[in-house]
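Me: I'd like to go through this one with you, a question at a time. Here it is.

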Amino acid sequence: MNLALKDIRHGLFRFVLTCFGLGLLMTVVLSMIGIYNGLVADALAVVKAPAADVWVVESGTKGPFAEASNIPLTTRDAVSRMPGVAEAGAINFQNIEASHAGASLRLYVIGYEPGHPGGPQSIVEGRGIGTSHFELVADRKTGLLTGETIRLGRNRFTVVGLVEGAMNAGGDPAVYITLSDAMALQTELDPAAQRVQAARGAVSVKSASVAAVIARVAPGADVELLTATVRQWKHLAALTQAEQEEILVSSVVDLARRQIGLFLAILLSVSAVVIALIIYTMTMEKLKQIATLKLIGAPDRTIIGLIVQQALILGASGWGIGLVLILTVKDYFPRRVVLEPFNVMMLAGIIFAVCIAASGLGVRAAMKVDPATALGS
Amino acid sequence: MADGEILIDVRGVAKHFGEGETRVDALRDVDLQVHAGEVIALLGPSGSGKTTLLNVIGCILAPSAGRVTLDGETVFDGQWLRRDLRRLRLDKIGFIFQTHNLLPFLTAEENVAVVLDLAGWSVEKGRARAGDLLGYLEVDHRAAAKPALLSGGEAQRVAIARALANRPRIILADEPTAALDSKRAGLVMDLLRKLAAEQEACIVTVTHDEKIFDRFDRLIHLRDGRLADA
Ligand SMILES: Nc1ncnc2c1ncn2[C@@H]1O[C@H](COP(=O)(O)OP(=O)(O)OP(=O)(O)O)[C@@H](O)[C@H]1O
Ligand SMILES: [Mg+2]
């Protein structure tokens, strides 16, 4: 006869409610874990997308993400001629505030050279950029649809394709345009401002440049050697892909990551205390029944079984409900929520440990209870 | 009926609670023998030590001094001589409490069967015996009900069935009829007598209920923790 299950069934509504409450708490914990992972994954998305091996940037900078980097466009030719380089492409990045469907839309504009590395990875809808001007490929999160047009700077661009998961470290969705369009966009101002500038006699307000040249090395080529070679050019610096990722995580999103990390730690501690309290209270409420069980001759293992099984059922359902809820809602978050099986299993491990520890407290109280208390009316 | 073997043999048992100024002598030098088939009543004013004596016999309380022998086995002699007192209770002792103390999350039948489950009976056998006992106590129509839905008398009879389930030879009852009307109280006592005779068990009952005094083989009076002859 399984007493734990019978007792649960007896107070089913309350037990389910408790499980559900715990499940909601676990949803919060899991979404925090997901947000944390998402933050890191988002930050890396922009670095990982071009599938580069080496980033050539302005000397003395950790660009183009952590710091501004400007290098001449001609660098691309120089880099692509270096030994070991399979292909190279120049890219630049800029944030702009466009307006679309009556609302303002923050976009992260990536300019790349079609036919060179740096463009969108895989088009999920429509096609890639075909002509050299006024076409763009947008991330789905921009809300743009293929065939729509949007004004960037002075020109209207047609959305020809959609991608997914392209954004900058701040979560602004990306659009891809050709490098020449991007450089034009970078230097141009709206006509009114330009007239003012011209009247003042300013020749050029900004000069166009590229932010970085990314290179893919040939199979078997030495990346270290390549970066060392690039560094010999005084005006250039080179970062490997791993270094670039490291910079992103340790400097660009570091504060946000630590902020969420600490919050997550607090949240986990609070959850542990809540789970422990629920289980402990559940046992305390049953002390009289436990005394009765002792009186009629139930051995310790029956009583321990009752407490531990209920604790584990509670923990497991809380975890399960939390998991189902987060999987249901995670795509509605404005930024990415990334849950790895490892995280989910780790949470299960933590809940398991907390349940066992808390039922240990309950078991201790249960072992101490005097069977005579069952007799007191 | 006092000719069966001795099932309860209490010798020189004393029990006090606390020390110094707060010391209460609940039992002083109590000697009591109860034979198989015997049904006896423990009487006495409130605080005279009736419950304490019952708890000592039921191995729930350790006496301060004395010796307790149950069904031929000396279980206490200055100290407990047996380690697994719960197993002893499961096998030899049935308790009937004033408040029935059924487990609220089990049905009437399961409340009886749980004892047999603990004693290692198979599920079917346990159910069958529980059903038989409930039938015998005329509450089998309530077998599937949870204790909260039983009347006081029904619950008490289920509790009696539970106390009897594993055929204990020593049945201890603390005011078992307090929750019952006098007619039912009489019936319950008749039943306990019948069971005692059939199972060669003995029954020790604490009671204040004068209407059922005639159902007992012996009346034992306690006063200030001492036995006083009737
Ligand atoms: N756990 C305890 N700690 C201290 N004193 C106790 C304890 N249990 C009982 N006593 C005291 O021992 C004495 C005998 O108590 P007991 O419960 O045996 O009386 P009783 O005859 O059953 O009374 P009643 O008819 O009211 O149930 C009382 O004075 C009581 O206060
Ligand atoms: Mg009493």
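**Rings, sheets and a helix**

Reply: Keep in mind that this is a predicted model. One spot to start from is A:Phe157, which counts as buried at 2% relative accessibility.

Me: And A:Phe134, is that buried, exposed or partly exposed?

Reply: Buried needs under 20% relative accessible area and exposed needs over 50%. A:Phe134 comes out at 33%, so the label for A:Phe134 is partly exposed.

Me: Which parts of the chain does the pair of A:Phe134 and A:Phe157 link?

Reply: The two rings make an edge-to-face pair, with 5.6 Å from centre to centre and 90° between the planes. The residues are 23 apart, and the parts linked are the loop between β4 and β5 of chain A, home of A:Phe134, and, for A:Phe157, strand β7 of chain A.

Me: How many aromatic pairs are there over all chains?

Reply: Rings pair if their centres lie within 6.5 Å. With that rule, the count over all chains is six.

Me: What kind of aromatic pair do A:Trp55 and A:Phe65 form?

Reply: Their centres are 5.3 Å apart and the planes are at 70°. Planes over 60 degrees apart get the name edge-to-face, so the pair of A:Trp55 and A:Phe65 is edge-to-face.

Me: Why does that pair tie together separate parts?

Reply: A:Trp55 belongs to strand β1 (residues 54-58) of chain A, while A:Phe65 sits in the loop between β1 and α3 (75-80) of chain A. A:Trp55 is buried at 0% relative accessible area, and A:Phe65 is buried too, at 16%. Because one ring is in the strand and the other in the loop, the pair joins parts whose separation in sequence is ten residues.

Me: Which residues make up the cluster linked by ring pairs?

Reply: A:Trp55 and A:Phe65 are among the members. Ring pairs also bring in two others, A:Phe93 and A:Tyr108.

Me: Which strand of chain A pairs with β7(A) in the parallel sense?

Reply: Strand β4 (residues 125-126) of chain A is antiparallel to β7 (residues 155-163), with two bridges. Strand β6 (residues 149-152) is antiparallel to β7(A) as well, with four bridges. Five bridges give the parallel pairing, and A:Val137 has A:Gly161 as its bridge partner in β7(A). The strand is β5 (residues 135-139) of chain A.

Me: What phi does A:Gly153 take in the hairpin of β6(A) and β7(A)?

Reply: There are two residues between the strands of this hairpin. A:Gly153 has a positive phi, near 65°.

Me: Over in chain B, which strands stand at the edges of the open sheet?

Reply: The sheet has four strands, paired antiparallel in the order β2-β1-β4-β5. An edge strand has a single partner, so one side of it is left without a neighbour in the sheet; in chain B these are β2 (24-35) and β5 (73-77).

Me: At about what angle does helix α1 of chain B run to β2(B)?

Reply: The helix, residues 50-57, lies across β1 (6-17), β2 and β4 of chain B. One of its residues is B:Thr52, buried at 11% relative accessibility, with contacts that include B:Phe17 and B:Leu27. The angle between α1 and β2(B) is about 55°.

Me: How far apart are the end C-alpha atoms of residues 303-329 of chain A?

Reply: An unreviewed UniProt entry annotates this span as one of the transmembrane regions. In the model the span is 100% helix and 0% strand, and its end C-alpha atoms are apart by 39 Å.

Technical notes:
Residues numbered from 1 in each chain as written. Chains lettered and ligands numbered in written order. Predicted model: local features only at pLDDT ≥ 70, side-chain atom pairs only at ≥ 80, totals over all residues. Heavy atoms only, no water. UniProt positions renumbered as here; feature names shortened; annotations may be inferred. Pairing = 2+ DSSP bridges. Contact = heavy atoms within 4.5 Å. Axes fitted to C-alpha atoms, helices over the stretch in contact; angles between N-to-C directions. Buried < 20%, exposed > 50% of the residue type's maximum accessible area, 1.4 Å probe, protein only. Phe/Tyr/Trp six-rings, centres within 6.5 Å; stacked < 30°, edge-to-face > 60°. Lists of a residue's contacts leave out its neighbours within four places in sequence.
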